[in-house]
Structures are given as C-alpha cells and as structure tokens.
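Please open the model in your viewer and keep the selection tool at hand, since this tour moves from one selection to the next.

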Amino acid sequence: MTAEDLLRLLPELSWIEDADLRDRCIDVWLDAVQSGGWDEKGIDGCPVVIKGLGPGCPYSDLDHIRAVARIGAAICDELSVCQGEAWQVIRDAVVAGALLHDIGNYLECDLDAEGRAFLKPEATLIAHPCS
C-alpha cells in the first residue's frame, strides 16, 4: 500500500492542513497496515471492534474511523462558527486523532482462511488503545 492508496481510501487525511502532521499520520497508517498484514487483505476488511458488535457487523473499522473523523471535523467547524477561530486551529489535531484512534485494530485483528475476522490471541491480553 502506498500513501496515494491510503489517501484514496481515507480522503479525510487530506483535511489535515499541517503537512507534517498529515505525513506523520500517513506514516503511522502505512506502518500499521504493513505490520498487521492488511496491505494484502485490504484495510476495508478489518472489523469494527466495539463491544456488542460482533461477527456480521456490516461496517468495517475503516467506515467507523472515517465517521469519527467526519463528526470531529464537523464539531470543530460548528464550534468555530459559534466560538471563534480557536477551534479551527485544533481541527487538524482532532481529525488526526480521529483517524488514528483505532489504528491498533490493524495490529490486533486478522482474517481466517474463509475471510472471517477474529482477534489475535495477543489482542485479548491488552486493550487496543495500548497497541
């Protein structure tokens, strides 16, 4: 997977105006995708790992991450209108954080031979915010 591939799958990365922050986010994504083996499997196959949503959930982790980024950006945009441009300054950090908040799932999840998602054994030992 290349940075261009990632930008196609995660267009919200382009919303990060700070080029250094955007590049660092892309680097983290590329590292997680490669380390977790998702470059071959396709990152849109990684499952949402939310308690209560199990096998058969129609949404991928990528869907969830993109939704969180869009919601975070919209909140910053509305706060900027209501409370001034200070919120616009932190918008990059909010979008970056939203795009990275579940990056550990790409290290903790895998697909079996039939393409069904499962948590790797090490994922049950520590919560993904720590991975």
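A residue is called buried here when its relative accessible area is under 20%, and the model to which this cut-off is applied is a predicted one.

Select Tyr 106 to begin: its relative accessibility is 0%, so Tyr 106 counts as buried under that cut-off of 20%. Add Trp 38, which is likewise buried, with a relative accessible area of 0%, and look at how the two rings are arranged, for they form an edge-to-face aromatic pair with 6.1 Å from centre to centre and 80 degrees between the planes. Because Trp 38 belongs to helix α3 (residues 38-41) and Tyr 106 to helix α6 (residues 105-108), this pair ties together parts that lie 68 residues apart in sequence.

Next, bring in Trp 29, which ring pairs link with Trp 38 and Tyr 106 into a cluster; the structure holds 2 aromatic pairs. Then show Lys 41, whose charged end sits over the ring of Trp 38, 4.4 Å from the ring centre.

Now widen the selection to the largest nonpolar core, which has 24 residues, and in which Leu 10, Leu 13, Ile 16, Trp 29, Ile 43, Leu 99 and Tyr 106 have the most contacts inside the core. The elements that give two or more residues to this core are α2 (19-35), α4 (61-83) and α5 (86-100), with α2 giving the most, 6 residues.

Finally, centre the view on Leu 99: which residues is Leu 99 in contact with, leaving aside its neighbours within four places in sequence? They are Leu 10, Glu 12, Leu 13, Ile 16, Trp 29, Ile 65 and Ala 69.

Technical notes. Residues numbered from 1 in each chain as written. Predicted model: local features only at pLDDT ≥ 70, side-chain atom pairs only at ≥ 80, totals over all residues. Heavy atoms only, no water. Core = buried A, V, L, I, M, F, W, Y, C linked by side-chain atoms within 4.5 Å. Buried < 20%, exposed > 50% of the residue type's maximum accessible area, 1.4 Å probe, protein only. Helix = DSSP H or I, 4+ residues; strand = E, 2+ residues; numbered from the N terminus. Contact = heavy atoms within 4.5 Å. Phe/Tyr/Trp six-rings, centres within 6.5 Å; stacked < 30°, edge-to-face > 60°. Lys NZ or Arg CZ within 6 Å of the ring centre and 35° of its normal.
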